[in-house]
Amino acid sequence: MRNYLLFFLLLLFGVSAHSQTRRITGRVIDSADGTPIIGATVVTDKKTEKTIGTVTDINGQFSLNVPSDCKGLIISFIGMETKKVKITGTNNVIVSLENSVELLDEVVVTALGIKRE
């Protein structure tokens, strides 16, 4: 009987520990034309030992298991403004990123070659 009680308590603890996360899904799009952003980085704003994050797929969609006490996500992509979104009360988000206003003044590309004679 004691073994059954111990097994039940361990099983209960395992279910409780598993329910400490929730699944967040969403889509990241370009605010200018609504096209999906492929390869955008989506990470939790909660500081943990390991970074919890993912990247968007070819349709700009992502799916991520986050801790239940996580309040938001940070979405970034090269050439776009980084955006923080709150995820309290929702499991599905749509995020539109805007182009970065910082522009390069000048870009110089040089190449070195080897000439053989």
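## Close-up views of a predicted chain

**View 1. Lys-84, an exposed residue in a strand.** Lys-84 counts as exposed because its relative accessibility is 67%, and the cut-off for that class is over 50%. The structure shown here is a predicted model, and within it Lys-84 belongs to strand E6, which covers residues 83–86. When residues up to four places away in sequence are set aside, Lys-84 touches Leu-73 and Ile-74. Gly-72 lies 12 residues from Lys-84 along the chain, and the C-alpha atoms of these two residues are separated by 6.8 Å.

**View 2. The chain as a whole.** The chain contains 1 helix and 7 strands, and, read from the N terminus, its elements follow the order α-β-β-β-β-β-β-β. Of its 117 residues, 22% count as buried, while the accessible surface of the chain comes to about 9,400 Å², with 57% of that surface belonging to carbon and sulfur atoms. If one considers the contacts between residues at least 6 apart in sequence, 48% of them join residues that are at least 24 apart.

**View 3. An open sheet of 3 strands.** Strands E4, E1 and E7 form an open sheet in the order E4-E1-E7, and the pairing within this sheet is mixed. Its edge strands are E4 (61–67) and E7 (92–97), each of which pairs on one side only. From one strand to the next, the twist averages 30 degrees. As a general rule, the strands of a sheet pair through backbone hydrogen bonds, and they do so in either a parallel or an antiparallel manner.

**View 4. The antiparallel pairing of E1 with E4.** Strand E1, which spans residues 21–30, is joined to E4 by 7 bridges, and the two strands run antiparallel. Two positions on E1 may help the reader to find this pairing in the model: Gly-26 stands opposite Phe-62 in E4, and Thr-25 has Ser-63 as its bridge partner in E4.

**View 5. The parallel pairing of E1 with E7.** E1 is also joined to E7, here by 6 bridges, and these two strands run parallel. On this side of the sheet, Arg-27 stands opposite Ile-94 in E7. Taken with the previous view, this pairing shows how the sheet comes to be called mixed, since E1 and E4 run antiparallel, whereas E1 and E7 run parallel.

Methods
Residues are numbered from 1 along each chain as its sequence is written. This is a predicted model: local features need pLDDT of at least 70, side-chain atom pairs count only at pLDDT 80 or more; totals for chains, interfaces and linings use all residues. Side-chain values use heavy atoms; hydrogens and water are left out. Helices (H or I, at least four residues) and strands (E, at least two) are DSSP runs, numbered from the N terminus. Buried means under 20% relative accessible area, exposed over 50%, partly exposed in between (1.4 Å probe, protein chains only). Contact means heavy atoms within 4.5 Å. Accessible areas come from the Shrake-Rupley method with a 1.4 Å probe; for residues, only the protein chains shown count as cover. Two strands pair if DSSP finds at least two bridges between them. Axes are lines fitted to C-alpha atoms, for helices over the stretch in contact, and angles run from 0 to 180 degrees between N-to-C directions.
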